Structures are given as structure tokens and as C-alpha cells.
Amino acid sequence: MLTAGVGTLAPVSAASGHGRSARQRPHRHQVDRQKLDRHLRTSLDEGARGAQRVIIRTRSGAARTSLANQLAAHGDRVLGDFDSIGALTAVVHPEDLDALAAADDVVSVSSDAVVHAKLLGGLLGGLLQVVGGVVETLGDVVGSVLLPNGADTDGPAVAPEVLRETLGLSSYASGHGIGVAVIDSGLEMSPEFSGRVRGFYDFTHGGIATYPYDDYGHGTHVASTIGGSGELSYYNKYRGLAPEVTFTVLKVLDAHGAGYTSDVIRAIDFAVKYREYFGIDIINLSLGHPIYESAASDPLVQAVERAVRAGIVVVAAAGNYGKNPETGVPGYAGITSPGNAPSAITVGALRTEDTVSRRDDWIPDYSSRGPSWYDGFAKPDVVAPGHNIVAAAAKHGTFYHDYPQLKAADSDYIRMSGTSMATAVTTGVVALMLQANHDAHRYDPPLTPNAVKAMLEYSSFGVNNRSGAAYDPLTQGAGAINAAGAIQLARAADTSTSVGRYWLDSTPSPWTRIGGEYLPWQQSLVWGNVVIWGSSIIDVNQMAWGSVVIWGADSVTINGNVVIWGSNVVWDDPQSWANVVIWGADAIGQTDGEVVIWGATGGLSPETTAWGQLNGGESSGSSIKIQ
């Protein structure tokens, strides 16, 4: 057991307490373990005996230094220090968790969870072991799914040229002058990226600078989707959405597509610290892990929020937990971390059928739906094409060799599906938005991350399922991204305009022509627990677009009309899905015996049946001010 002086770690004893008897003092299991995330609490309850890799947040730097010394003296491995979040990473004995939770100077103890760009044959639980800080795969279990990330590959491949057209993009879109940090499995260099990689750092080996490589293949596909040049294809046919962006590639995933949360946090912090040096405007996070705690204490979420406050647009995958892998039944609350970060642009997948028309688009079951566990955040924010996307292959990566059937007609390219691909598509669109705004307002401040998200949501298209019914906002977010519309808004926005004043150079037309059809914009956005609509949302430079404002914050004034989440106006037919329940297991954060029922049922009205904190709290509504 760890021992320590007063004010740091103390031995765990039911009888210990500051002047209180054991009878008066609540049992530590009931109180102190609340500092542990759900994964760690479950491990203790199940009698786990193996070492636990954790992220420990402390109240001060001095407490962190003292704790590091104690852990080292006790034989625990201290792996690193995070000054940005006041935390350290360590591999500790399971019996030390209660002592850490009981220490006054410890704020929280989180799992240094394994993040994935994939899913091995089912839910994450039990498929990976952490032994002495090393990720080990437990046999070949990939065969139970067609794709290793939980998605499927039904239907035709979507070539980049069709993808550009269905998004309404011209052949001249480039992304020139915009920098993207791809935090993923790396990058296999080829003519696709020549002269545009500003730096490559391998955080699976301590963050060292090295020549780019990708031993898995996911990161290369993501980067190519965002901005591959198409040099490997005939007449650059397979170029990405923004083929002139620059890349800073931060490798955090290994040859199996897995890595540690702490390495992702280091990579995000690196991108923030060296943002100006590398010219980083956007961070792409096509990875995640199950949500084990509230966003307020989730270290990965907090890293994302810091990046957004620094002015970087962060685009994150919603996850591929949209359906129960055992029953195939779609369910809610499959959002992964850091997709639960309020200020991130969280993206679900859209299936576009390799046609330019948007009328036959639909959302595949694997795409994760909201709300987020513990906090009940409305996610995803938008959906984007992510099914059977064709992009450059890492020919030396394991994915290319394990899935030869996914190679495109041109074997330098491969198709992948999932919210990871949808995230990359959205990042490419965001790069074009930032370029359009900069080119039109060269000497003005750049668009803020919140403004970018608002424009994506406002200009999005509504999506119907294969029966013709509209998807609910927990499935489609605000809607499917409309690159042409979002770029139009970005180009018109004069960021030098004072808050509260009209800031568009031209009045936007709330429709976009795609495949010969004029499609209406949603003209709404989801802010916290309310849906807001009306032209005044986007025509005026809102206080809500400020970089220091967390998306969905209460008491923020936004001009427009409002509907409280869960009302009949939001849900066209609440009763049609009133019996849908959240499914899942501990791997996606479900607490035993708890479900959330949507719509009007059990005597509750649709106005009052929504969601609150999924850890047992109640919905408090919204205090947003509407003018």
C-alpha cells in the first residue's frame, strides 16, 4: 500500500478520517471512488489484479512532484508529466487506486485508455490487455467483421471526384495556406504529399522527429482524403478535397491501429504549442475510446477544449458504435471520447451511394448516435460522407495487406468506411472554408472554431432514412455537411465586425444546387439543449462564436428562434421512436439497469422527455437567451 504524509497520499482505512469516527465517515468505496472513472471502478469491483495505466490529476505542481516521488518509491512506473492539465501518467498497482482516490491533493484518476481507429470484432472490452505499458492484441479476431473499425463495406466505392461533386465543390478547391495536424497512425510518404509535410513526430516512441511512416494505414487514408494531391492517379483523378493543405503528422497509433490516450494528449498539446511554427489551423482526430467519465474530467476532452480555445478547429469522429454487434439493433449513446468534447466538431458517417445526388444518401447503422454518456450532450454535430471512401493506401501498412479486397481499381488507393473517413471529409471542407475566408478578408482575424461549426450546421442538408422519414438530431446532428454552402458563408463573413452587428458581405441564399437539384439548408444549429433557427443566427457576429466560449454554454445570447430539446417541433413524430432505448455495455459507458427512453411514453410528454446527465442527474433545460 502507498504511504505518504499529510496532504498527499494516505493509507486507505475505513477508520481513518480527519477527526471523525469510522461510524460517522462514509465508506471510501462510496465517496472516494467517485474520483475514479467508471473503467477503474469496474476493475476494482471485479477484483482486477493487473497493473493499471492511469492519468492522475492533482491540485498543484508541488503535489504532482510529491506524488511522482511516492509512486516511484513504491515501485510504480511514472511515465510522464502533463503540465497542461496538471497531471501525470503512471502504471500503478490496483491496490493503489483507492489510496489515490482518497488523497486530498488528487483531483481525479482516469484510465490511460487505449484509443482506436478500429474495432476488433466487437466491443472493445476484453480484446486488449495493457501489460507494463505495452498494448498487446489477443489473437486474430478481425475475421468476425468485414472492416476492423466496426463499419461495413456494402455498396459501391465512392471515388474522390464523385465525393467532390456531391459536396458541391468546384475542381479548383485547394486549401492553399491552411495547415492540418493529423493525429493518427502516421503517413506513408508518396508523391501525394510531396513538399507539404511540415513535420512528422512519432508519439508511440516518445514524440521523436523522424521520417514519415505508417505501419497501419489509417492515417495515410485520412490525410489523402483531406488533401492528397492525386499524383499517383491518372490526371490526378483521385486527389483529396483540399490538395494544397500542409500537414503536420503526429503518430499516436501503432501497426494495429491502437494507442494510448496520454499520447494523443501529448500530440494535441504539441500542436497547440507549435501551432504558429507549423501553421496548424485544424486538428483531425479520427480515433477515440469509450466514454468513462464526464467531459469535465475527461483528460482527452479537456485537451481538445484547450486546443479550441487556442483557435484551432478540432474535428473528431463520433465513433462506430451505432449498432449492437451481437444483435445488429441500432442504438443511441455510442459517441466516443473525444467526440463528446462540446467545442469539437463531432462527425457521424453518411452513405452517399457513389452518386452526386443527395436524395439517396442515408446514415449507416454503424455511425454512433448521441447523446454522450454522463453529460447528455447532443452529438454528433453533423454527418459527412464516410462510407467506402477511396483514398491513397499505405502499401507497407498492415491494413493494405490484411484487406486486399478493399483495394481500388488503381492499387495505389484503397477504400475505407467509418466515422473516421467522415471526419477527414469534414476536415477537408473546413480547410476550404478557412481558405475562402482568408482570401476574402486577408487582413482580418481568422474564423473561430465556433463560427466554423455554426456555418457547417446552418448550411447543412436534412437527411431521410430509406423509408423517407427524417433522421432525428441525435442521429444526424444538424444535418449532412454542404461544402458549397459552408464555403459561401465563410467567404462572406467579415471577422473584424463587432459582436452584435451584421457581418456578412453578401446575403446568403439558403439553398445549394447539387446534381441539378436545389436543396434547402437546415438553417438551424444545436446549442446545448436547444435547437435554434433563423437567418439572424448566422447573419450577425455572435458572442457565441468567441474562442473562449464553450459550445452549448448556458447564458449565451444568440439571436434566433428556439425550441427546447424534445418538443414536438423538433421531433416530427416522437411516438414513432418512443420505444427506442440505449443499448450497450460497460465498453460504451452504460451503467447497469439504466436506459433512456425517447419520445412521449410512460405518461411523460415530448416536451419533458429528453435527456439529462446520463449518470443519474436530471435535465436542467437551458438558460440560453434569445433576442
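The legends below describe close-up views of a predicted model.

**View 1. The largest nonpolar core of the predicted model.** This core contains 82 residues, and Trp527 and Trp545 have the most contacts inside it. Helix 11 (residues 419–440) supplies the largest share, eleven residues. In soluble globular proteins, nonpolar side chains tend to be buried together.

**View 2. Surroundings of Trp545.** Leaving aside residues up to four places away in sequence, Trp545 touches three other tryptophans by name, Trp503, Trp527 and Trp551. The remaining partners of Trp545 are Thr448, Asn450, Ala451, Ala454, Leu525, Ile537 and Val540.

**View 3. The second nonpolar core.** Separate from the core around Trp527 and Trp545, a second core has 36 residues. Among them are Phe82, Leu253, Ala295 and Ala344.

**View 4. Packing of helix 7 against helix 9.** Helix 7 (residues 261–273) and helix 9 (residues 299–309) have axes 10 Å apart and pack at an angle of about 10°. The two helices, helix 7 and helix 9, are therefore roughly parallel to each other. From helix 7, the contact involves Thr261, Val264, Ile265, Ile268, Asp269 and Val272. Helix 9 contributes Pro299, Leu300, Ala303, Val304, Arg306 and Ala307. By type, the residues of this contact comprise nine nonpolar, one polar and two charged.

**View 5. Helix 14 and its cover.** Helix 14 (residues 483–492) is mostly covered, with seven of its ten residues buried. The buried residues are Ala483, Gly485, Ala486, Ile487, Leu489, Ala490 and Ala492. Elements covering these buried residues include helix 11, helix 12 (449–458), strand 19 (511–514) and helix 15 (536–539). Helix 11 also appears in View 1, as the source of eleven residues of the largest core.

How values were computed
Residues numbered from 1 in each chain as written. Predicted model: local features only at pLDDT ≥ 70, side-chain atom pairs only at ≥ 80, totals over all residues. Heavy atoms only, no water. Core = buried A, V, L, I, M, F, W, Y, C linked by side-chain atoms within 4.5 Å. Buried < 20%, exposed > 50% of the residue type's maximum accessible area, 1.4 Å probe, protein only. Helix = DSSP H or I, 4+ residues; strand = E, 2+ residues; numbered from the N terminus. Contact = heavy atoms within 4.5 Å. Axes fitted to C-alpha atoms, helices over the stretch in contact; angles between N-to-C directions. Parallel < 35°, antiparallel > 145°, perpendicular 65-115°, else oblique. Nonpolar A, V, L, I, M, F, W, Y, C, P; charged D, E, K, R; others polar.
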